[in-house]
Amino acid sequence: MASFSFGSGNAAKLLRIPLYLAGRAGTLVIPRGARWVFGCGAGVGDGALALHRVAAAEGHDTVWLTSSDREDRDAAALGLRTMRKGSLRGWWATARARVVVVTHGLGDVNRYAVSGAFVVQLWHGIPLKRIGLDSPATTQVPDVPGAALLRRLVGFLYRRAAQRIRVFPAASHRSRGRLESAFALGDGRVVVTGEPRVDVLSAGDPTERRAAASDALARVVGELPTASRTILYAPTWRDGADDPAVPSATQWVRIIQMLEQRDAVLLVRSHPLGEGGYAPPLPSRRVRMLGSGLLTDVTPVLPAIDVLITDYSSMAYDVGLLRMPVLFLAPDAEDYARTRGFYGRFQDVAGDDAATGWDSLLPQLSALLDDEDLFSARAERSDTLSAEMHAFRDGGNTRRVYETIRARGIPAPKGAA
């Protein structure tokens, strides 16, 4: 079920222009202090949480801005100090902050109080599909009279907002070029430090990582059979459109039969902006939901996964850090290329054997689970793809981002050595 689109979001943004102007006036007279404020459009997690931990450990005054009771509970469980971003306190905290850290957009914090802050945009994935100003979807507006003029206005506002970014970490030089283009950023603001959100996939001992990930996954979806293979299906967002890959009832029967025959479990994680439609017609312990309502940030549990199935998600780049095989299910690749667009050719990432439906995917998945040599070959292909996009695999991305922020004029906390 679709829940959000660029068109509706941009319409709301245009209606809020007076509030942006009022907020800008306020930040012109309110001096900024030393505090760091953090927010994440997907909840409490992602790269913002990794950077928060480093900043707090260094002694900085930090606050996490939330938008729901769920986020309040998640933050409290982690011992984070919080304020509601939409409240007067949230506006004041953002207006007084020296550093503002976001992962999706300025709306991760109080969007009306960002002017004048040192903005760190961590983003939430290496671009495979076109994003920002590189995609026509970004400036969509409802089909109303004057829509062309409104699209130009949205583009102008998008550029103005992006110019507030002072540090934008990139996973690699290839990713940096895409981000610079998508956000119209130059002047060295996009820096190749690696992304904090994926440190959890590289830091520490691999066996310990998998054990910790398995424990975390079991707390969410229940215990999994010890010897079973765990498969994650993670389709991406289609800007409010229905997902064409939702299985039919007949396909669900075939999926469950295949899982039973090969002692495997399928975890389904719809995109947070478009969840729904993936429950099988009959309950089965072989299929379990793993939506954002159950687990805000999926990255920490990826070491417990054996195979990824996706379409255009940047997760395809990330799981290569774990040498995880990836299968692609993309029934609408041509249409998606036309309406959203890719960086390069989709085939350069997915290969020439991307499935167009579950009927063609299931034989690929069965062969992968049955043939160790094929499994190893797919794992090697995933590793190679990831190596092209991740410059660092040492678990030190967050520290590099922190040091970059400090090097660009943000002082150490008072009392630090």
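Begin by selecting strand S12 (residues 326-328) together with S11, which run parallel and are joined by 3 bridges; strands here are DSSP runs of type E with at least two residues, helices are runs of H or I with at least four residues, and both are numbered from the N terminus. Two strands are said to pair if DSSP finds at least two bridges between them. Within this pair, Ile309 has Leu327 in S12 as its bridge partner. The model is a predicted one, in which local features need pLDDT of at least 70 and side-chain atom pairs count only at pLDDT 80 or more, while totals for chains, interfaces and linings use all residues. Residues are numbered from 1 along each chain as its sequence is written, and side-chain values use heavy atoms, with hydrogens and water left out.

Keep S11 (residues 307-310) selected and show its side chains: Val307 and Ile309 point one way, Leu308 and Thr310 the other way, and all are buried, where buried means under 20% relative accessible area, exposed means over 50%, and partly exposed lies in between, with a 1.4 Å probe and protein chains only. In a regular strand the side chains alternate between the two faces of the sheet. Now add strand S8 (residues 229-234), which pairs with S11 in the parallel sense over 4 bridges; here Ala234 has Thr310 in S11 as its bridge partner.

Next, select the open sheet of 7 strands, which follow the order S3-S2-S1-S4-S5-S6-S7 with parallel pairing. Its edge strands are S3 (82-84) and S7, each of which pairs on one side only, and the twist averages 25 degrees from one strand to the next. Within this sheet, S1 (residues 36-38) and S4 (residues 99-102) pair in the parallel sense over 3 bridges, with Val100 in S4 as the bridge partner of Val37.

Add helix H3, which packs on the sheet by touching S1, S2 (62-66), S4 and S5 (118-121), and whose direction makes about 155 degrees with that of S2. Then add helix H5 (residues 88-96), which also packs on the sheet, touching S1, S2, S3 and S4, at about 120 degrees to the direction of S3. Such angles run from 0 to 180 degrees between N-to-C directions, and axes are lines fitted to C-alpha atoms, for helices over the stretch in contact; contact means heavy atoms within 4.5 Å.

Two residues with unusual backbone angles come next. Asp46, in helix H3 (residues 46-57), has a positive phi of about 65 degrees although it is not a glycine, and Asp46 is buried at a relative accessible area of 15%. Asp187, in the loop between helix H7 (173-183) and strand S7 (190-192), has a positive phi of about 60 degrees and is likewise not a glycine, but Asp187 is exposed, with a relative accessible area of 72%.

Move on to helix H9 (residues 249-261) and helix H13 (residues 358-370), whose axes come within 11 Å and cross at roughly 0 degrees. The two helices are therefore roughly parallel to each other, a term for angles under 35 degrees. At their contact, Gln251, Arg254, Ile255 and Met258 in H9 meet Trp358, Asp359, Leu362, Leu365, Ser366 and Leu369 in H13.

Finish at His390, in the loop between helix H14 (372-389) and helix H15 (397-407). His390 counts as buried at 5% relative accessibility, and, leaving aside neighbours within four places in sequence, its contacts include Ile126, Glu195, Tyr317 and Asp318.

Notes: Parallel < 35°, antiparallel > 145°, perpendicular 65-115°, else oblique.
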